[in-house]
Amino acid sequence: MDKIFIRGLKVDTIIGVYDWERTLQRPLIFDLEMGADFNAAAASDHVRDAIDYAAVMETVQKISTDYQPALLEALAEKLARSLFNDFPILSLKLTIHKPGAIPVQDVGVEIDRRREDYAACGAR
């Protein structure tokens, strides 16, 4: 399977379970790896047959700033559902880093999904 990746996408948003976390924006860092079929894009050499990286980035930014859940897990799942619905991806590995959440080098969540995981819920 072919892969598209976006690494280090920083989005400032409101997220967290504690009251003090809900009063200020904090950065989240996103890493995405999306499985896709590049055959049509490779044959046509036209962007209409490819996955638009900028549109994927804008989707992640919009959902992350508008949704503002308490948990990273909820945000990750909402992003996965939207990306499968809006883009012709076959798989998604999504990591969300939450710098400074606890005093360690890195903390966050990672999900690994396939299109068929969402077949019953209407994602195309």
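## Around helix α2

At 1.5 Å a residue, the 15 residues of α2 ought to span 21 Å, and the end C-alpha atoms are indeed 21 Å apart, so expectation and model agree. The expected span here is 1.5 Å times one less than the number of residues in the helix. Helices (H or I, at least four residues) and strands (E, at least two) are DSSP runs, numbered from the N terminus.

A word on the ground rules: this is a predicted model, where local features need pLDDT of at least 70 and side-chain atom pairs count only at pLDDT 80 or more, while totals for chains, interfaces and linings use all residues. Residues are numbered from 1 along each chain as its sequence is written, and side-chain values use heavy atoms, with hydrogens and water left out.

Which residues of α2 are buried? They are A55, V56, T59, V60, I63 and S64. They cover an arc of only 160 degrees around the axis, so they sit on the same side of α2. Buried means under 20% relative accessible area, exposed over 50%, and partly exposed in between (1.4 Å probe, protein chains only); the arc is that of the directions from the helix axis to the C-beta atoms. The spacing makes sense, because an α-helix has 3.6 residues a turn and residues three or four places apart point the same way. As for what covers this side, the list includes β1 (2-13), β2 (26-36) and α3 (72-86).

S64 is a nice one to zoom in on. It lies in α2 and counts as buried because its relative accessibility is 0%. Leaving out residues up to four places away in sequence, S64 touches V11, T13, F30, L75 and L79, where contact means heavy atoms within 4.5 Å. The S64 side chain also reaches the backbone oxygen of V60 at 2.7 Å. That is a polar contact: a pair of N or O atoms within 3.5 Å, where within protein one must be able to donate a hydrogen and the other to accept it, and residues adjacent in sequence count only if both atoms are side-chain atoms.

Now for the helix ends. At the start of α2, a side-chain oxygen of D52 comes to within 3.0 Å of the backbone nitrogen of A54. Just after α2, Q68 takes a positive phi of about 50 degrees.

On to the strands. β1 and β2 pair in the antiparallel sense over ten bridges; two strands pair if DSSP finds at least two bridges between them. β2 and β3 run antiparallel too, joined by seven bridges, and seven more antiparallel bridges join β3 to β4 (residues 108-114). Six of the seven residues of β3 (residues 91-97) are buried, so this strand is largely enclosed by the rest of the structure. Here are some of the facing residues:

| Residue | Stands opposite |
|---|---|
| T13 | R26 in β2 |
| G35 | S91 in β3 |
| D31 | T95 in β3 |
| L94 | I111 in β4 |

Finally, two loop residues. Q25 is in the loop between β1 and β2 and counts as exposed because its relative accessibility is 53%. Its contacts, not counting residues up to four places away in sequence, are D12, T13 and I14. R48 is in the loop between α1 (39-44) and α2 (53-67), and at 61% relative accessibility R48 counts as exposed. The C-alpha atoms of R48 and Y67 are 29 Å apart, with these positions 19 residues apart along the chain.
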